[in-house]
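Student: I have a model open in front of me and would like to learn how its parts fit together. Could we go through it slowly, with a reason for each answer?

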4 protein chains.
Amino acid sequence: MITPQSYKWFFEPTTNVEGHMHAIKRTVVEAQTKFQHMEIIETPAYGKVLILDGRIQSSQAEDFIYHEALVHPGMLASERAPESGLVIGGGEGATLREILRYPTIKRAVMVDIDGEVVELCKKYLPEMHQGAFDDPRSETRHEDARGYLERTSERFDFITIDLVEPLEEGPACLLFTREFYTLVRDRLTPGGAMTLQAGMTKLGELDFFTSIHRTLREVFPVVAPYQTFISCFGTPWGFITATKKVDPRKQDAAAIDRLIAERMKSPLGYWDGQTHQHAFNVPKHIRAATEAQTRVVTDAHPLIVT
Amino acid sequence: MITPQSYKWFFEPTTNVEGHMHAIKRTVVEAQTKFQHMEIIETPAYGKVLILDGRIQSSQAEDFIYHEALVHPGMLASERAPESGLVIGGGEGATLREILRYPTIKRAVMVDIDGEVVELCKKYLPEMHQGAFDDPRSETRHEDARGYLERTSERFDFITIDLVEPLEEGPACLLFTREFYTLVRDRLTPGGAMTLQAGMTKLGELDFFTSIHRTLREVFPVVAPYQTFISCFGTPWGFITATKKVDPRKQDAAAIDRLIAERMKSPLGYWDGQTHQHAFNVPKHIRAATEAQTRVVTDAHPLIVT
Amino acid sequence: MITPQSYKWFFEPTTNVEGHMHAIKRTVVEAQTKFQHMEIIETPAYGKVLILDGRIQSSQAEDFIYHEALVHPGMLASERAPESGLVIGGGEGATLREILRYPTIKRAVMVDIDGEVVELCKKYLPEMHQGAFDDPRSETRHEDARGYLERTSERFDFITIDLVEPLEEGPACLLFTREFYTLVRDRLTPGGAMTLQAGMTKLGELDFFTSIHRTLREVFPVVAPYQTFISCFGTPWGFITATKKVDPRKQDAAAIDRLIAERMKSPLGYWDGQTHQHAFNVPKHIRAATEAQTRVVTDAHPLIVT
Amino acid sequence: MITPQSYKWFFEPTTNVEGHMHAIKRTVVEAQTKFQHMEIIETPAYGKVLILDGRIQSSQAEDFIYHEALVHPGMLASERAPESGLVIGGGEGATLREILRYPTIKRAVMVDIDGEVVELCKKYLPEMHQGAFDDPRSETRHEDARGYLERTSERFDFITIDLVEPLEEGPACLLFTREFYTLVRDRLTPGGAMTLQAGMTKLGELDFFTSIHRTLREVFPVVAPYQTFISCFGTPWGFITATKKVDPRKQDAAAIDRLIAERMKSPLGYWDGQTHQHAFNVPKHIRAATEAQTRVVTDAHPLIVT
């Protein structure tokens, strides 16, 4: 018999000549917010999948891969056991959740401009936030992250930028520039670290990733690119850790395993010493592209994904 | 204006609920051989792409990634500078080409049952074989690889298995079993090494990879899984090196860079010491799946991909 | 900006080498009933669309085309102004609704085996049934139509068969046979007429349509095929009127317009004298295929759509 | 086994929320001419298919339907047995071929601006032109049809406009206007007739068809819309006959059958008296849309399909 898994499909063009597709089991919720189109679908392979403006952000099955990769390299590259964290973006709350797993964390702030997305994720993605929004150490703010950083005098041991791509007319255009990264750096404690998701690292599509990397090198003394494969994206994904002191590329497997044991008390599902080596030892051709990139992204010349 | 890049597409289902697709620029050649359906298309992103029975085997743009990953970990894990190599399968000749890059190689044999595919690749994929079939050190045979291994008394420093998936009625079903791997091991020199491509390592689809791994552990003292991302497959891909002596997981980055310099004289595009660390430091959840697998594939109970 | 209309699609293969697709605006409801998979989606072009086992049955925008074409040729070919009607199948209630538009109708029975589908249509497709189920003249039964016809002694002026395709293991296999049509004929009044939907009339795919037509000719003195284009199906669609007396091919445009005025008091959106000529003047190549068909479908050799 | 018929597909969006797709058996030829992108593919269901700028123009299997529908209603509405015909556009030569089937035809001119398309069709679509270009009565010209009509003083009994859609930057924009149709009318003999293809007649997409119809009513005393279903387009298709005298809607089935016998001597595959009734008895809702349309297309305000 024909089943619903064979006739409804979600298409995500990775470029205009390549795409990835998922059967749709059901649509959990769909909304047009003030800032973007938001949808949660359920797929047979990945469970619930969060989609913003037609782009998969995260999935239930790979939540642990994406969010561990986004958070722990920075938390473990903080010079001291981190006491405070800031999430810029981070809609579904899983980034916040990973920060709160550290017992030393006393305060975790999440600034996501789109309160409607956050509310819908609270309601429909409990598997992802797992109560993070209700943790007494967490604070959620719905405002422009740049304005927030300009006004606050607070300093954080860890900041992570988990934003949608800077689509034209999208909410994230001025959050990928040298000026913004300078602001982030200045809100870190002296031994602090930041991480961000930095776009796909698929062959032939490295410009976004390498431009972000080049831009961060204008601002931070240590900039360490790394890569993780997110199956539901259909492409490997780039991340970057930038710090004021610690270089994650110099943390060997044993050091990472020891830090996880000390700082977290319990093991992770994806990240450990060996995964750390996997991620930070970026393949040669990507290193070459990173070295060759000269573009610095600025407010005057922002990156726009079309 | 509507362009041809927007209306002709190649679909490759990675599972029955997920797929990857490429715009088709043109079809270079298409044939039904005695053993399989073969086609070469040109895509905007990857140039020429070889497709057997609907599955992408390799692409011009990622030739260097796939074939370097398939060949060099084994050539560098051979105890001595390799003097002989054997390719089982390897249709388009790029695997043979990579072996011939070692000046110490005196003899390289390729056994691919499908002579029609090899002839068409010779004609239409010169970018890939680059004359490897005409190298005086190389010999190409079109016969069943298992029969060949049973009859020959030759020993090789390096053997690689570069086969299509064992589709039902396909030509490769009995080339993924303990009995076959035992035959391969017995045709290696005492310090020899083998590699093989071992299927996707996408989340939730690890059974093929881990079963092959488990099976090899019945036969070889050293079995080292590794992983590489092939963009045009839309999924990360697993490989395995199995040796009688050297463990590639114990070769550090400097050792690999030194071996490449010594044995090859010139650098590679994808593989080096850091890429080696990237590949052999398999992410934690894949290691866990590998450890948990108990299935040993035998002639009596072969693996069939449906 | 990427919109939801560009990334979620419903695919309906018309054959295994051709298909039609619709953007999905939202999913209204989805259920697996005892008999089939049922879903209502909303599309930008057609509004709500009812899908059973992956096949579009009807859409809000083309409701008037499909259901007028299914009902009125038979109601107007009944020798007398029809007083009773029977719908076999007819899930969403629009067929019943069209029968009830005739003031002379005193009783309209609908027998659809799948009560769950009917209940969900009642709730989610009020635009289609428009209260037909609550009309005091209507009766809805959920049982096997063949058993019902065998047991009842009632006679109807009009019977229509609005069934899903006879998929293997589907609920409709024995409702497309000579034996079943004989039963239908025997439940008609002496001047009664029946209609049925008879599958696509796309070039090269006429076997279903012509076999049903040939089978009916074993049973009825008058068998008149006709054709309508349902845009959302992506193919023209075949219907057949079979009667004991009146031949709709001999009703000219003026006669049909007069009958509509007399029997219905108000005009229709799709059907009138000219549409009647359009539909019953089947193109030459389809007439030729109809004449050439020799297959009579029987209980012993039923039609199965695969 | 996976077959090539399951993995290469041609997609034709009928609108931006609906599409039709065909498996691709092979690509016969592909070229970018001075005016448009041209491709001939072979599909399992329809044989060779001609595609211009991503739009299916005609297929081998339905050649007889499309080209008989385009030519004969006009040839049979010419007051006298036609002695001369003009094809505007008509790339693959099948339109020309249908005109040449009339023994009374002494001269048939085809003006298609794109000589490269015509040459490739001559070579790769002999099934369609069947030697029409070599008929001593035919003349083929490659120039702008409007300029040709302005310069010539010749008169034709039949003119047909078989053009691609007026895509932006495409070659056909000023060939769908009142001014152009006036020129066409003035080049017809006093009893002459013209036909044209006038776009899809799918529900909700009638604007193109009805605007052309409305425009022609400014120019011709008789304007008769008709409709044919072309399966490979996935939508019904509109045509219009416009004449100075004869109204095809008043030609009954017997008259058409008699004219075919007299003027052609042999029967056609698609068109006959009954098909004529089918085609010219346009369904009610399309008639209503045609009546409601007020737009007259002019050089100053041309129709552009986007």
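Student: How far apart are the nearest C-alpha atoms of chain A and chain D?

Tutor: Please keep in mind that this is a predicted model. Two residues count as in contact if their C-beta atoms lie within 7 Å, and by that rule chain A and chain D do not touch. The distance between their nearest C-alpha atoms is 14 Å.

Student: And how far apart are the nearest C-alpha atoms of chain B and chain C?

Tutor: Chain B and chain C are another pair of chains that do not touch. For their nearest C-alpha atoms, the separation is 14 Å.

Student: Which element gives the largest share of the side of chain D that touches chain C?

Tutor: The contact between these two chains takes 34 residues from chain D and 34 residues from chain C. On the chain D side, the elements that give two or more residues are strand 2 (18-23), strand 13 (235-243), helix 9 (273-280) and helix 10 (284-292), and by class this side has 12 nonpolar, 17 polar and five charged residues. The largest share, six residues, comes from strand 2 of chain D.

Student: In strand 2 of chain D, which residue stands opposite His22(C)?

Tutor: In general, strands of a sheet pair through backbone hydrogen bonds, either parallel or antiparallel. Here strand 2 (residues 18-23) of chain C pairs with strand 2 of chain D in the antiparallel sense, over five bridges. Opposite His22(C), in strand 2 of chain D, stands Glu18(D).

Student: Within chain A, which strand gives the largest share of the side of domain 1 that touches domain 2?

Tutor: The domain assignment divides chain A into domain 1 (4-59) and domain 2 (63-292), and their C-alpha centres lie 23 Å apart. In the contact between them, 23 residues of domain 1 meet 26 residues of domain 2. The elements giving two or more residues to the domain 1 side are strand 1 (8-15), strand 3 (26-32), strand 4 (37-43), strand 5 (47-52) and strand 6 (55-59) of chain A. The largest share, five residues, comes from strand 6 of chain A.

Student: Which strands of the open sheet of chain B stand at the edges?

Tutor: Four strands of chain B form this open sheet in the order 3-4-5-6, with antiparallel pairing, and the twist from one strand to the next averages 20 degrees. A strand at an edge has a single partner strand, so one side of it is left without a neighbour in the sheet. In chain B, the strands at the edges are strand 3 (26-32) and strand 6 (55-59).

Student: Which residue in strand 4 of chain B is the bridge partner of Thr27(B)?

Tutor: Strand 3 of chain B pairs with strand 4 (residues 37-43) of chain B in the antiparallel sense, over six bridges. The bridge partner of Thr27(B) in strand 4 of chain B is Ile41(B).

Student: How are helix 8 and helix 9 of chain B oriented to each other?

Tutor: The axes of helix 8 (residues 253-264) and helix 9 (residues 273-280) of chain B come within 7 Å and cross at roughly 125 degrees, in a right-handed crossing. Their contact includes Ile256(B) of helix 8 and His276(B) of helix 9, and by class it has three nonpolar, four polar and one charged residues. An angle over 145 degrees would count as roughly antiparallel, and 65 to 115 as roughly perpendicular. The crossing angle fits neither range, and helix 8 and helix 9 of chain B are therefore oblique.

Technical notes: Residues numbered from 1 in each chain as written. Chains lettered and ligands numbered in written order. Predicted model: local features only at pLDDT ≥ 70, side-chain atom pairs only at ≥ 80, totals over all residues. Domains from an automatic or database assignment. Axes fitted to C-alpha atoms, helices over the stretch in contact; angles between N-to-C directions. Parallel < 35°, antiparallel > 145°, perpendicular 65-115°, else oblique. Left-handed = near helix turned anticlockwise from the far one by under 90°. Nonpolar A, V, L, I, M, F, W, Y, C, P; charged D, E, K, R; others polar. Pairing = 2+ DSSP bridges.
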